[in-house]
Amino acid sequence: MVGVEFKSVEEAESFYHIYSKIIGFSVRKNQCRKNQAGIITTRSWCCSNEGFRRTKYIKNPNRVREPRSEIRIGCRAMFRVCYSKITKLWVVKEFRANHNHCMATDMQKHFLRSHRKISAAELEQAKLLKKARMKTSEIWNLFVHQNGGWDKVGCTKKDLYNSLAAGRRGVDDLDANTTLTFLQSKLDIGPEFFYAYMVDEESRLTHLFWADGASRFDYELCQMPLVVLVGSNNHGMTCVFGFALIQNETAETYTWVLQKNLECMKDKLPETILTDGCRSMNKAIEDLMPSVVHRTCSWHILNNAIKHVHEEGFVGELRNRIKRYYSVDEFDLHWNKMLLDYNAENNEWAKALYSSRHQWADTHLRGSYFGGSTATNRCESMNAFLKRFLDEKLPLWRALQHCDHGLAALRYGELGKHATDKLSTPVLERTSMSEIEE
């Protein structure tokens with residue numbers, strides 16, 4: 001490779017970028033030397049894993065965020081060209097091909113930083129769509145369809161968000177008249193949209209309320225509930241085990257759903273289950289999976305406590321009973337003291353809650369893994385995520401197709417996390433137990 005000539009430094013850079021993408025690594029500019037006239041005479045590029053991260057960025061006692069995974073691990077691969085005054089060409093003077101890390105696979109190459117770039121045309125298109133009030137996530141989905149897949153867009157979803165955010169700085173908000181005109185246009189398009197507003201004596205907008213068709217639909221009772229069985233993967237991300245459209249929410253219906261899920265999973269039982277405390281679901285789990293450790297959502301328990309025990313401070317104490325580890329005897333002692341302090345000894349709801357303590361108290365759930373979750377917030381976030389893809393007016397076949405698209409978006413995010421973990425090294429920080437670590 002040494003001695004190969006290029007017509008320009010841009011041609012040399014383009015060659016190394018194409019080469020790095022084929023091999024499976026990311027590159028960045030390294031050294032640049034200029035002559036007295038300020039003209040570049042030497043340019044080099046290196047692997048993105050070259051060098052090491054500065055210690056001050058790793059050992060920071062005041063760190064708020066978790067440190068990013070380490071990619072700089074001392075890789076010495078590089079490419080250097082120099083300008084020849086004789087031939088007036090750029091000549092390769094140094095080429096190191098060996099790396100000290102694994103290469104990205106074909107499915108991971110589009111996550112490499114130097115090979116991610118949103119084109120000028122697509123950025124302008126995205127800006128126009130944003131002006132048309134299109135969500136960034138919807139613009140991303142449009143680009144995915146236009147290019148024929150997630151890996152063919154040329155950038156990641158986060159890159160698109162960052163590019164659009166950079167162009168929004170300094171843009172004034174829409175004034176009241178434009179806002180009302182926009183809301184009226186939505187009403188003209190769909191009569192299910194609703195909005196109302198109030199002005200003061202000087203005709204200035206003081207109150208504004210609006211709701212689209214989906215919001216009004218969510219306020220009503222859904223005729224066919226969508227059940228989504230979700231879990232947590234090794235990255236702490238949400239994964240979907242299955243979907244079910246059901247006619248009602250009886251114990252018999254949930255039993256059927258769980259039976260079909262077991263049939264799909266070849267009768268492999270889960271280790272643990274976390275639910276919101278629905279009695280019908282609880283009955284189905286008890287009948288079909290009696291050996292599975294079942295936890296009730298702590299948020300729902302605390303929310304019900306507000307309704308049934310009207311004593312200030314009780315909810316905070318109950319939260320301690322849920323999340324603190326005691327011995328069984330200590331738990332009973334603290335529980336009885338709590339009831340006595342808040343005049344809840346004869347409260348029927350508290351009695352029923354105590355009888356089901358093996359489903360919500362960490363003392364009785366010790367040794368069972370729930371992926372760090374004590375509440376069904378993962379399910380709630382999944383519901384919000386799917387609402388971006390579903391609509392009440394969709395025919396059933398189209399709704400299933402949109403569910404598939406939402407599921408593909410989740411899997412794409414998981415693929416990106418896999419690529420990040422493979423192509424970087426986690427930064428291990430010292431904990432407060434330094435004596436043990438030594």
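These are legends for a few close-up views of a predicted model.

**View 1. The whole chain, to get your bearings.** Before zooming in, take a look at the overall build: the chain has 16 helices and 11 strands. It runs to 438 residues, and 34% of them count as buried. Now for the contacts between residues at least 6 apart in sequence: 55% of these join residues at least 24 apart. As for the outside, the accessible surface adds up to about 28600 Å², with 52% of that belonging to carbon and sulfur atoms.

**View 2. Arg80, Glu94 and Arg96 joined up.** Here we're looking at three residues linked in a network of salt bridges. Side chains of opposite charge can pair when their charged atoms come close. Start with Glu94 and Arg80, whose closest N and O atoms are 3.2 Å apart. This pair ties together distant parts of the chain, with Glu94 sitting in strand E5 (residues 90–96) and Arg80 in strand E4, 14 residues apart. Glu94 also has a salt bridge with Arg96, and there the closest N and O atoms are 2.7 Å apart. How open are the two arginines? Arg80 counts as partly exposed because its relative accessibility is 23%, and Arg96 is partly exposed too, at 31%.

**View 3. Lys260 and Glu263 on one helix.** Next up is a salt bridge between the side chains of Lys260 and Glu263, at 3.3 Å from N to O. Both residues belong to helix H7 (residues 251–264), where they're three residues apart, or about one turn of the helix. Is each partner partly exposed or exposed? Lys260 has a relative accessible area of 39%, so it's partly exposed. Glu263 comes in at 53% relative accessibility, so this one counts as exposed. If you're keeping a tally for the model, the count of salt bridges comes to 14.

**View 4. A positive patch on the surface.** Which residues form this patch? They are Arg65, Arg68, Arg113 and Lys158. Let's pick out Arg65: you'll find it in the loop between strand E3 (40–47) and strand E4 (78–83). Arg65 counts as exposed because its relative accessible area is 73%, and the cut-off for that label is over 50%. Strand E4 is also where Arg80 from View 2 sits, which makes it a handy landmark for finding your way between the two views.

Terms used
Residues numbered from 1 in each chain as written. Predicted model: local features only at pLDDT ≥ 70, side-chain atom pairs only at ≥ 80, totals over all residues. Heavy atoms only, no water. Patch = residues over 30% accessible without salt bridge, like charges linked within 9 Å, V, L, I, M, F, W, Y side chains within 5 Å. Areas by Shrake-Rupley, 256 points an atom, 1.4 Å probe, with all protein chains shown as cover. Salt bridge = Lys/Arg side-chain N within 4 Å of Asp/Glu carboxyl O. Lys, Arg positive; Asp, Glu negative; His and termini not counted. Charge placed at Lys NZ, Arg CZ, Asp CG, Glu CD. Helix = DSSP H or I, 4+ residues; strand = E, 2+ residues; numbered from the N terminus. Buried < 20%, exposed > 50% of the residue type's maximum accessible area, 1.4 Å probe, protein only. Contact = heavy atoms within 4.5 Å.
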